Amino acid sequence: MALLVSLPGMIAPPFRSRGAAEMAAREMGGLSLADALSLCELLANVDPARYERAALRWLQRFIDERLPPLTEVALAASALAELRHGQRAVGVEALKRVVRR
């Protein structure tokens with residue numbers, strides 16, 4: 001899994017480690033909602049203990065930034081659980097659709 005971190009006008013190289021991705025996020029001063037989701041996906045693979053906290057932070061940020069209807073909140077929460085505990089590809093695709101809306 002590679003994390004693509006968006007910079008204004010460019011895309012940084014994909015990060016294959018949690019440390020490199022987190023360092024890039026700190027240097028940039030934060031991540032877009034889509035890039036934060038990519039970091040969650042990476043954590044689900046490499047650091048399950050940190051994934052839970054990151055997924056909850058992502059969900060809270062999604063709610064705060066988008067003010068989605070309850071059905072989208074439920075879909076996002078279910079997809080985050082699927083990402084870690086079920087069919088990863090199903091969770092990833094559902095979350096990407098939610099972010100694009």
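Start at Leu67, in the loop between α3 (48-66) and α4 (70-85). The model is predicted. Check the backbone here: Leu67 has a positive phi of about 50 degrees, although it is not a glycine. Is the residue buried or exposed? Leu67 counts as exposed, because its relative accessibility is 68%.

**Next: select α4**

Move from the loop into α4, residues 70-85. Put a distance between its end C-alpha atoms: they are 22 Å apart. That agrees with the 22 Å that its 16 residues should span at 1.5 Å a residue.

Now colour the buried residues of α4: Glu72, Val73, Ala76, Ala79, Leu80 and Leu83. They cover an arc of only 130 degrees around the axis, so they sit on the same side of α4. The spacing has a simple background: an α-helix has 3.6 residues a turn, so residues three or four places apart point the same way.

What do the buried residues of α4 pack against? Show α2, α3 and α5; these are the partners. Then rotate to the face of α4 turned away from its buried side. Leu70, Thr71 and His85 are the exposed residues there.

**Next: select α5**

Take residues 88-100, helix α5. From first C-alpha to last, its 13 residues reach 18 Å, close to the 18 Å expected at 1.5 Å a residue.

Which residues of α5 are buried? Select Gly91, Val92, Ala94, Leu95, Val98 and Val99. Look down the axis: these buried residues fall within an arc of 165 degrees, so they line one face of the helix. They pack against α2, α3 and α4. Turn to the face away from the buried side, and the exposed residues Ala89 and Arg100 appear.

**Last stop: α2 against α5**

Keep α5 on screen and add α2, residues 33-46. Two packed helices are described by the angle between their axes and the distance between the axes. Here the angle is about 170 degrees, and the axes are 11 Å apart. An angle over 145 degrees counts as roughly antiparallel, and α2 and α5 are therefore roughly antiparallel to each other.

Zoom in on the contact. From α2, select Ala34, Leu37, Glu41, Ala44 and Asn45. From α5, select Arg88, Val92, Leu95, Lys96 and Val99, which they meet. Colour this contact by class to see 6 nonpolar, 1 polar and 3 charged residues. Val92, Leu95 and Val99 of this contact are also among the buried residues of α5.

Technical notes:
Residues are numbered from 1 along each chain as its sequence is written. This is a predicted model: local features need pLDDT of at least 70, side-chain atom pairs count only at pLDDT 80 or more; totals for chains, interfaces and linings use all residues. Side-chain values use heavy atoms; hydrogens and water are left out. Axes are lines fitted to C-alpha atoms, for helices over the stretch in contact, and angles run from 0 to 180 degrees between N-to-C directions. Helices (H or I, at least four residues) and strands (E, at least two) are DSSP runs, numbered from the N terminus. Angles under 35 degrees count as roughly parallel, over 145 as roughly antiparallel, 65 to 115 as roughly perpendicular and the rest as oblique. Contact means heavy atoms within 4.5 Å. Ala, Val, Leu, Ile, Met, Phe, Trp, Tyr, Cys and Pro count as nonpolar, Asp, Glu, Lys and Arg as charged, and the others, Gly among them, as polar. Buried means under 20% relative accessible area, exposed over 50%, partly exposed in between (1.4 Å probe, protein chains only). The expected span of a helix is 1.5 Å times one less than its number of residues. The arc is that of the directions from the helix axis to the C-beta atoms.
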